[in-house]
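User: I'd like to learn how to read a few features of a structure. Could you walk me through them?
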Amino acid sequence: MLFALEARYPAPNFERISVTSFGSIFRLSQNRRLGYVPVPKSGRFNEYGHLGVSHQLEKPSGVKRIVFIGDSVTEGIGTAESKRFTALLAKELGNKYEVINLAVRGYNLVQSAEYLKEVGLKFSPDIVVFGITFNDLFNDSGELKELADKVLAAKQSNYFWAYYSTATGIEHYLMYSRLYRHLKYIYLQLASKKRKMSSSEKAFGTFAEKLKEREVVETVSALSDLAKNEKFTLHFLFLPFRAPSEDKDLIAQVVSKKGIASLDLHQLAEKDLDEQKRNSLYRLGDPCHFVYSGHQWVAKHLKDYLTK
């Protein structure tokens with residue numbers, strides 16, 4: 001009976017639902033804490049799914065490896081790979097360092113932390129720099145919204161909603177079982193009609209909701225423990241932006257209480273640069289993404305901080 005149902009209702013293929021952004025592809029992830037992931041070798045992405053120079057997983061002898069995690073600001077979206085602050089930093093540091101930018105556009109704090117565990121650790125980093133901007137407590141990316149629209153249009157939309165919404169409770173753990181997931185899918189497919197979803201649920205629910213303080217504390221604490229267990233040095237980089245934000249302040253407070261090293265370039269820009277110079281760091285009409293001079297400014301201060 002079960003085999004007959006499995007044959008009639010094959011498990012949903014997450015990889016079939018994808019969107020294109022700036023020429024590269026993002027698809028649904030079966031990791032419910034990620035939601036979506038970049039597709040390697042699509043558009044400008046290299047074989048590991050990120051922009052820029054491709055580094056082998058095995059770290060060369062005598063080289064310090066720095067991995068950057070974050071969202072589109074850290075990724076340097078809209079800027080040539082060679083002109084991003086991570087590339088400029090790599091050039092300044094020389095051949096004794098490798099700088100690997102694994103930032104994913106749209107990711108919030110929890111997604112970035114999960115991506116570090118799933119992908120970043122494969123590169124055996126000595127240093128991990130976690131880039132933070134003004135909106136890291138929620139995900140309102142265009143990629144997520146487009147994927148949500150495709151999920152709604154899919155025959156398995158009820159299943160995908162259930163899959164990504166079970167972040168807590170006993171079903172959260174049951175969903176790790178392939179058998180349970182398939183039985184859940186069959187049950188939902190046999191249900192009488194599609195469930196109507198609210199606007200927040202249309203964006204995978206938990207990703208569209210702002211992270212609570214408890215989740216920030218848990219994520220930062222887990223990152224601190226991960227750094228100790230995997231023997232890398234963790235740094236938080238608070239990037240400058242020109243938008244009101246309580247998100248950055250909350251993360252900074254938690255990071256400080258945990259005693260994690262950090263560089264607050266937002267505070268430094270507010271202190272050292274007048275309004276005209278601060279505005280010159282960003283793209284026209286953009287609250288956070290840098291022009292080349294902005295990337296240069298960030299790279300300079302990063303180098304001074306990391307080599308002091």
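Analyst: Sure, starting with burial: buried means under 20% relative accessible area, exposed over 50%, and partly exposed in between (1.4 Å probe, protein chains only). Helices (H or I, at least four residues) and strands (E, at least two) are DSSP runs, numbered from the N terminus. This is a predicted model, where local features need pLDDT of at least 70, side-chain atom pairs count only at pLDDT 80 or more, and totals for chains, interfaces and linings use all residues. Residues are numbered from 1 along each chain as its sequence is written, and side-chain values use heavy atoms, with hydrogens and water left out.

User: Which residues of helix 4 are buried?

Analyst: Leu 109, Val 110, Gln 111, Ser 112, Ala 113, Glu 114, Tyr 115 and Leu 116. That makes 8 of the 10 residues in helix 4 (109-118), so read it as mostly covered.

User: What do the buried residues of helix 4 pack against?

Analyst: Contact means heavy atoms within 4.5 Å. The partners of these buried residues are strand 3 (36-38), strand 4 (64-69), strand 6 (127-132), helix 9 (213-230) and strand 7 (233-238). At the N-terminal end of helix 4, Asn 108 acts as a cap, with a side-chain oxygen 3.1 Å from the backbone nitrogen of Val 110.

User: Now aromatics. How many aromatic pairs are there in the whole structure?

Analyst: Rings of Phe, Tyr and Trp (its six-membered ring) pair if their centres lie within 6.5 Å; planes under 30 degrees apart count as stacked, over 60 as edge-to-face and the rest as tilted. A search of the whole structure gives 10 such pairs. Take Phe 68 and Phe 85: their ring centres are 6.0 Å apart and their planes at 70 degrees, so this pair is edge-to-face. Phe 68 belongs to strand 4 and Phe 85 to helix 3, so the pair ties together parts 17 residues apart in sequence. Phe 68 is buried at 0% relative accessibility, and Phe 85 is buried with a relative accessible area of 0%. Tyr 107 and Tyr 115 also pair edge-to-face, at 5.7 Å centre to centre and 75 degrees between planes. Ring pairs link these two tyrosines with Phe 26, Tyr 36 and Phe 45 into a cluster.

User: And where does the charged end of Lys 83 sit?

Analyst: A charge sits over a ring if NZ of Lys or CZ of Arg is within 6 Å of the ring centre and within 35 degrees of the ring normal. For Lys 83, the ring is that of Tyr 292, 5.3 Å from its centre. Lys 248 lies over the face of Phe 238, at 5.6 Å from the ring centre.

Terms used:
Polar contact = N/O pair within 3.5 Å; in protein donor to acceptor, adjacent residues only side chain to side chain.
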